[in-house]
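Work through the exercises below with the model open. Try each task before reading its solution.

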Amino acid sequence: MRKFNHIGEVIFSDDFESGSIGDVVKIANNKWDFYLADDNGDVSLPDEYRSWWYLKVDNAPTNEPVTFTIKNRGWPFYYVPVYSYDNVRWFRFNESEVYQNTNKEIVVTTTFSQSQVWIARFYPYTFSDLERFISDIERYVFFTEVEVSGYSQRQKPIYLIKLTHPHSPPENKKKVFIHARTHPAETPGSYVVEGLVKRLLNNSPESALILSKHEFYIYPMHNVDGVIAGNYRTTPKSENLEVQWKYDPLDPLNLIDGLPLEVNVIHEYARNLMTDGGPKVSMALNLHGSNSEPDTRPFFFPHFGTRAQGYSEVESNLWHKQLFFIDQMAKYYGKDMLEPTPDEGGSGFVNGGYPEAWWWANFKDSVMAMTMEVTYDRAGYAPDRITQDNMRLIGESLVSAIRDYHEFTAENSLASYRSKIKGTVTELEYPELYPPEAQDELKK
Ligand SMILES: [Zn+2]
């Protein structure tokens, strides 16, 4: 963390939780270039790892225009950043204040009304934000249990939020495993978790019923050290935790030795849930955010494909379960608010070190394990842009989708459900482009 002190002038700093900027260069009166930082200052990381920035400006000029240019970005897409005068309530700049020049740099020209302002690539969500949220939900002691599941490499707690109705017998419950913030700057996962948890704790009979039929195991902040450090994708040792679920091929329940602590913490918990003799996990969701073109809506990474495409019966079963779940999300979040599903998911993930590869190697289609990617900009809300509450709404919709997924898969075959809904509102009607074919984040 550095602090740039242009004496007698505007002060830029990133020496706070999740703060990040590489360098600030004054190029003219009231004009600055912001150079993005590599995670940990590690120049060996790919360019695509340079996306996140979050800095504070003191002594900012007020009531006169200022211009800053975001330099050396790892991504070419236009976006509108956010600002705050209290580091709590965030706002988007106006689109008219933000343009992208021919070098694919984002240029913001705006007029601040206060001399202290925080600006960021997207809505921040820090470790302290998580701890505030946890102390808020711990009031709901009947349904909620929060534990420290383990510690990060820098001895920070890795929290686990457990939600269920304690009076309902475990054998009647489905287990849902969720983790977020493996990539530290992908803050949408945190807002999604907030919406999901708050919906389950809203004291309605409907939520109590859902909790009586489910146990939720939620890791809200996997890469806690990376979040605090202000990294985009990695730990302070530049590890990408997303690809570290490297299982032992001779004993795939277990991971190989020497992996980052954070992966071991949540893997061990997942493994124990699958081997403790109780009901097993039936769904595992991995929450991310994706740098995308502004209009790209949230999307999923389903795997494999149909029997007709040459996949085995068990592979195509997983494929259909994933599509079925996406259908449920479309039903609640909005059928035009998600990207279309691809024609085929492929099997490239199986050797990628992803959590989904571990679930698949051990439990095949009995665990519907899938990544969801929330996007940062218009994301289906054009001409507006996705807000913190919009992302919480995704979490609320997930609750309904999880409930319906389990009701239908428990009581009906997927095939009969699919034949019932054919031609009804849950048919997806999206354009053909699907993000994995674009130059978007490909989970690497
Ligand atoms: Zn990610």
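**Exercise 1. Determine how helices α5 and α7 pack, and which residues make the contact.**

Step 1. Take the two helices: α5 spans residues 261-275 and α7 spans residues 355-363. Helices are DSSP runs of H or I, at least four residues long, and strands are runs of E, at least two long, numbered from the N terminus.

Step 2. Get the geometry. α5 and α7 pack at an angle of about 25°, with their axes 12 Å apart. Axes are lines fitted to C-alpha atoms, for helices over the stretch in contact, and angles run from 0 to 180 degrees between N-to-C directions.

Step 3. Classify the angle. α5 is therefore roughly parallel to α7 (angles under 35 degrees count as such).

Step 4. Assign the hand. α5 and α7 cross in the right-handed sense (the near helix is turned clockwise from the far one by less than a right angle).

Step 5. List the contact (heavy atoms within 4.5 Å). α5 supplies His267, Ala270, Arg271 and Met274; α7 supplies Trp358, Trp359 and Phe363.

Step 6. Sort by class. The contact has five nonpolar, one polar and one charged residues. Ala, Val, Leu, Ile, Met, Phe, Trp, Tyr, Cys and Pro count as nonpolar, Asp, Glu, Lys and Arg as charged, and the others, Gly among them, as polar.

The model is predicted: local features need pLDDT of at least 70, side-chain atom pairs count only at pLDDT 80 or more, and totals for chains, interfaces and linings use all residues. Residues are numbered from 1 along each chain as its sequence is written, and side-chain values use heavy atoms, leaving out hydrogens and water.

**Exercise 2. Trace the sheet of seven strands and find its edges.**

Step 1. Write the order: β12-β13-β15-β14-β18-β20-β19, an open sheet with mixed pairing. Two strands pair if DSSP finds at least two bridges between them.

Step 2. Find the edges. β12 (144-151) and β19 (299-301) each have a single partner strand, so one side of each lacks a neighbour in the sheet.

Step 3. Add the twist, which averages 25° from one strand to the next.

Step 4. Check one edge. β19 pairs with β20 (residues 368-375) in the antiparallel sense, over three bridges. Phe301 stands opposite Thr371 in β20.

**Exercise 3. Place helices α2 and α3 against the strands.**

Step 1. α2 (residues 188-200) lies across β13, β14, β15, β18 and β20, at about 150° to β15.

Step 2. α3 (residues 205-213) lies across β13, β14 and β15, at about 85° to β15.

Key:
Angles under 35 degrees count as roughly parallel, over 145 as roughly antiparallel, 65 to 115 as roughly perpendicular and the rest as oblique.
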